[in-house]
Amino acid sequence: MSKYQLLSERLAARTDAVWRAGFAELEEVLGFALPKAARSTGAWWANTPDKAHARAWLDQGWEASQVDREAETVTFRRVAAAVAEPVAKAPAETRALGMTALVGAAAAVLGVAFSLLRRRR
């Protein structure tokens, strides 16, 4: 279990699209103090999936934004339903189906465009 699991669970349980949280509130949820970097640099709040703390919100479909280190607040915004795996790691069959749909849609658009051009002649 990640040490940020409790934050992840809190975000998963929320029904709203925006949560403005104070650093003290986050520390209460987590049960420990945020690292010094959370208070000293905006980089700690970057939505970087290779960081365990960022995955706590990203895996639940949230992003951190509007970090105010002076007021010690961060705004989390719901951006999408949580996805277990990024599209890039989807099985080859899924990617192939996506490409097939994309090519099919492009062909349909071109077909309509050619039909319209023929009518103009």
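The largest nonpolar core of this predicted model contains 19 residues, and within it L7, W19, L26, W45, W57 and F76 touch the most other members. Helices and strands both contribute to this core: α1 (5-13), α2 (23-30) and α4 (52-58) each supply at least two residues, as do β1 (18-22), β2 (62-68) and β3 (73-78). A good place to begin exploring the core is W57, one of the residues just named. Leaving aside residues up to four places away in sequence, W57 touches L7, L11, W44, W45, A46, N47, W62, E63, A64 and F76. Among these neighbours, L7, W45 and F76 are also on the list of core residues that touch the most other members.

Aromatic rings form a further theme. The structure holds 9 aromatic pairs. One of them joins Y4 and F32, whose ring centres are 5.7 Å apart; their planes meet at 70°, and because this angle is over 60 degrees, the pair is edge-to-face. The two partners come from distant parts of the chain, 28 residues apart, with Y4 in the segment before α1 and F32 in the loop between α2 and α3. Their surroundings can be compared through relative accessible area: Y4 is buried, at 8%, whereas F32 is partly exposed, at 25%. The ring of F32 has another partner too, since the charged end of K3 sits over this ring, 5.0 Å from its centre. Looking beyond single pairs, Y4, W19, F23, F32, W44, W45, W57 and F76 form one aromatic cluster. Readers may recognise W19, W45, W57 and F76 in this cluster, as these residues were also named for the core.

Charged side chains come next, with a count of 3 salt bridges. In one of them, the side chains of R14 and D16 meet with an N to O distance of 2.8 Å. Both partners are partly exposed: the relative accessible area is 22% for R14 and 27% for D16.

R39 takes part in the other salt bridges described here, one with E27 and one with E72. The side chains of E27 and R39 meet at 2.9 Å, N to O. This pair links helix α2, where E27 lies, to helix α3 (residues 36-40), where R39 lies, and the two residues are 12 residues apart. In the salt bridge between R39 and E72, the closest N and O atoms are 2.8 Å apart. Here R39 in helix α3 is paired with E72 in the loop between β2 and β3, so parts that are 33 residues apart in sequence are tied together. Through shared partners, the salt bridges join E27, R39 and E72 into one network. Are the members of this network buried or partly exposed? E27 is buried, with a relative accessible area of 18%, while R39 is partly exposed at 29% and E72 is partly exposed at 32%.

Finally, T75 offers a look at a polar residue in strand β3. T75 counts as buried, because its relative accessibility is 4%, which is under 20%. The side chain of T75 makes a polar contact with the side chain of Q66, at 3.5 Å. Not counting residues up to four places away in sequence, T75 touches V18, W19, R20, E63, A64, S65 and Q66. One of these neighbours, W19, also belongs to the aromatic cluster.

Conventions:
Residues are numbered from 1 along each chain as its sequence is written. This is a predicted model: local features need pLDDT of at least 70, side-chain atom pairs count only at pLDDT 80 or more; totals for chains, interfaces and linings use all residues. Side-chain values use heavy atoms; hydrogens and water are left out. A nonpolar core is a set of buried Ala, Val, Leu, Ile, Met, Phe, Trp, Tyr and Cys residues joined through side-chain atoms within 4.5 Å. Buried means under 20% relative accessible area, exposed over 50%, partly exposed in between (1.4 Å probe, protein chains only). Helices (H or I, at least four residues) and strands (E, at least two) are DSSP runs, numbered from the N terminus. Contact means heavy atoms within 4.5 Å. A salt bridge is a side-chain nitrogen of Lys or Arg within 4 Å of a carboxyl oxygen of Asp or Glu. Rings of Phe, Tyr and Trp (its six-membered ring) pair if their centres lie within 6.5 Å; planes under 30 degrees apart count as stacked, over 60 as edge-to-face and the rest as tilted. A charge sits over a ring if NZ of Lys or CZ of Arg is within 6 Å of the ring centre and within 35 degrees of the ring normal. A polar contact is a pair of N or O atoms within 3.5 Å; within protein, one must be able to donate a hydrogen and the other to accept it, and residues adjacent in sequence count only if both atoms are side-chain atoms.
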